[in-house]
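Here's a quick look at two spots worth opening in your viewer: a helix close to the start of the numbering, and an enclosed void elsewhere in the chain.

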Amino acid sequence: MYSDKKSILQLIALLKAHGIRKVVLCPGSRNAPILHTLFTHPDFTCYSVTDERSAGYFAMGLSLHDGCPVAVCCTSGTALLNLHPAVAEAFYQYIPLVVISADRPSAWIGQMDGQTLPQSGVFQALVKKSVNLPEIHSEEDSWYCNRLINEALLAVTHHGKGPVHINIPISEPLFRFTVNELPRERVIRRYRMEEISDEEYSKLFMCLNDCKRRMVVVGQMPFDSSLKPENPFIEQFVWLSEHIANGPYSFAPLSNFDVALYTMSDEMKRRMAPDLLITYGGHIVSKRLKQFLRHNSPKEHWHISPDGEVVDLFGSLTVVIEGNPQRFLEKAVTFIHDDGSEYARKWEMYCGAIPEPVFPYSEMGAIGTLLRRLPKGSVLHLANSSAVRYAQLYSLSSTVEVHCNRGTSGIEGSLSTAVGYAACTDRLNFVVIGDLSFFYDMNALWNNHISTNLRILLLNNGGGEIFYALPGLNMTNGSYRFITATHTTSAKGWAEERGFLYLPVADEGGLNDAMTRFCASEAERPMLMEVFTDGQKDIRLLKEYYHQLKRE
C-alpha cells in the first residue's frame with residue numbers, strides 16, 4: 001500500500017515513467033511517506049544510507065556505474081544541507097542526480113517549529129533545476145505538480161547531465177498508506193531533432209497519423225523567422241495565428257479564430273477541438289483560444305522550440321521538440337498518409353463565414369481604418385490592452401511587420417520600444433496605442449532620435465475602457481474612477497512641443513481626412529493623430545457586434 005499524498009504518488013509514478021530505478025533512502029519521519037511508497041514498489045531498487053553526506057556520494061557512485069539518473073531522498077531540515085557537497089560535486093562532474101527532500105508546510109517555516117528551514121532553492125546555481133511541489137487540493141494543483149516534476153526530471157539530462165532538486169512540502173497526517181496503485185500520470189517527453197532515432201520518429205509520426213484533427217497554433221514570432229510552408233504542407237492542418245505571429249506565409253492562416261470561438265456553442269467547440277495540437281513561437285493574446293484548448297484538451301500537444309524548454313500553456317503538453325519548427329514540420333508531413341484536410345476545411349468554412357466588422361466612429365473603427373490603409377512593407381507597433389486585441393478583428397497584409405510587448409503584456413514601454421525601432425530604419429512605423437499606455441510612457445518622445453517615419457495613432461477615450469468589457473467586474477459606487485483611471489488629458493501640447501504634426505480627430509469625416517495624410521509615404525515631420533471617442537459607446541458597439549454574430 002502506498003501513501004495517500006497525491007504529490008508523492010505523482011512523483012513516484014513519474015520517476016518510474018522517466019526510467020529512474022535506483023534510489024538512495026535516508027531515514028526520517030517527514031520523508032517516511034516517500035520512503036514507504038518507494039521501497040514497497042517492485043520497480044525500484046532501494047539503498048538505505050543513514051548519513052546524508054555519504055548518501056549523496058553513494059548515489060553518485062551508482063550513477064557513475066551506468067550513467068543513468070539516480071535519486072536520493074532525505075527528510076526535512078539540516079538533512080538536506082548535508083547533501084550540499086555531493087550536489088556540488090555532481091554538478092561539476094555532470095552526474096545525473098535527483099535530490100528529493102521532504103519539507104514542512106511553508107506556513108511553518110521560521111516559526112520555531114522543529115526541523116524547518118527554507119529548503120526551496122537551497123542549492124541555487126549548483127543544480128540544473130529546482131522545483132517546490134504544491135500540496136494538491138485542486139485540479140490546477142495537480143496539473144502544476146505534474147508539470148514541475150516532469151520539468152525537473154527532464155532537466156537532469158538536458159544539454160548535459162547534472163543534479164536537480166525536488167522539494168516536497170508534506171502536511172500531517174504522514175502515515176496513511178491506503179492507496180493500492182500509482183496513478184496514471186501525464187509524461188512529458190523531450191526530443192532533440194538532431195538526436196531523434198528512426199524508431200522515435202516512427203512512434204511520433206504513427207501518433208500523427210492516428211490523430212485526424214490536427215491543429216497548428218503559431219505564437220509571437222520575429223518577422224523574418226516565420227514558417228513559410230507550401231500548400232501541400234498546410235492542407236493537413238488547421239493553422240491559427242495572430243498578427244504578432246508575423247508572415248509572410250504562402251497561404252492565409254485563420255486569424256479571426258477568436259471571434260469564431262465566441263460564436264461556437266460548447267458542443268461545437270468539442271467537435272472543432274483538435275486531437276493533435278502543435279505549437280511554436282512565443283506568446284498568444286487570445287484568452288478564448290487558451291480557454292478553448294484548456295477545456296477541450298487534445299490527446300497530444302507537441303511544442304516545438306529552439307531551446308527545448310517546457311511550456312505548458314494549455315495544460316496538455318506531451319512532447320517537446322527541441323529544434324527548428326519548419327524543419328520538423330516539413331519532415332512530419334512526408335509521413336502523413338491519413339488525410340486531415342476535412343478538418344481544416346471545416347475551420348476554414350466556419351471562419352470564412354464571419355465577415356470583417358464595419359464599425360461606426362469608435363476606437364475599433366479607427367483601428368480598422370488604419371489597418372485597411374497601411375502601406376505595404378510598413379511596420380506596425382501595437383500597444384497592449386485594447387490596441388492589440390482590436391487590431392485582430394481586421395485582416396492585415398502579410399508584408400506588414402508587427403511588434404508588441406507581449407513578453408509581460410504590460411502597458412509600460414510600448415511607445416518607447418516603437419520609437420527605438422523606428423530610429424533604426426527608414427520604413428514607415430505606425431504605432432497604435434491607448435491613452436493610458438501613451439501617457440504612462442509619454443517620455444518616450446523625450447529624446448533626439450525621432451524621425452519623420454514615425455506615426456502615432458493615439459486612441460483617447462478618457463481612461464481604460466477595456467475594463468468595462470471584463471466579465472464579472474461590476475464597477476459601482478464610483479470604483480470605475482480608480483479601476484479605469486478616468487482623465488481629461490490631451491497629448492496636443494506635448495506632441496507639438498516635441499515637433500510632431502498634431503492631427504486631432506473627433507468624428508468619422510475628420511478620421512478619414514486625417515488618415516489620408518497620416519498614411520502618406522512622405523512627410524516633413526513625425527505625426528500624432530489623437531482620436532477622441534466615448535469609452536462607454538465603444539464598449540457598447542463592441543458588445544453589439546459580438547452579440548449580433550452569436551445570434552446569426
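Keep in mind that this is a predicted model. Let's begin with helix 1, where Ser-7, Ile-8, Leu-9, Gln-10, Leu-11, Ile-12, Ala-13, Leu-14 and Leu-15 are buried. That makes nine of its 12 residues, so helix 1 is largely enclosed by the rest of the structure. As for its geometry, helix 1 covers residues 6-17 and reaches 16 Å from first C-alpha to last, close to the 16 Å expected at 1.5 Å a residue. Just after helix 1 comes Gly-19, with a positive phi of about 80°.

What do the buried residues of helix 1 pack against? The partners are a mix of strands and helices, set out here:

| Packing partner of helix 1 | Residues |
|---|---|
| Strand 1 | 2-3 |
| Helix 2 | 32-39 |
| Strand 5 | 97-103 |
| Helix 6 | 139-155 |
| Strand 7 | 164-169 |
| Strand 8 | 177-179 |

Now for the void. Searching the whole structure turns up one cavity of 30 Å³ or more, and the largest cavity has a volume of about 60 Å³. Its lining is made up of His-381, Leu-382, Ala-383, His-403, Cys-404, Asn-405, Ser-414, Thr-417, Ala-418 and Val-431. Strand 15 (379-382) and helix 16 (414-422) are the elements that give two or more residues to that lining. Helix 16 gives the most, with three residues.

How does the lining of the largest cavity split by class? There are five nonpolar and five polar residues, and no charged ones.

Technical notes: Residues numbered from 1 in each chain as written. Predicted model: local features only at pLDDT ≥ 70, side-chain atom pairs only at ≥ 80, totals over all residues. Heavy atoms only, no water. Helix = DSSP H or I, 4+ residues; strand = E, 2+ residues; numbered from the N terminus. Expected span 1.5 Å × (residues − 1). Buried < 20%, exposed > 50% of the residue type's maximum accessible area, 1.4 Å probe, protein only. Contact = heavy atoms within 4.5 Å. 1 Å grid on protein atoms, 1.4 Å probe; cavity = no way out; pocket = protein on both sides within 12 Å on 5 of 7 lines; lining within 4 Å. Points joined across faces, edges and corners; volume = space filled by probe spheres on them. Nonpolar A, V, L, I, M, F, W, Y, C, P; charged D, E, K, R; others polar.
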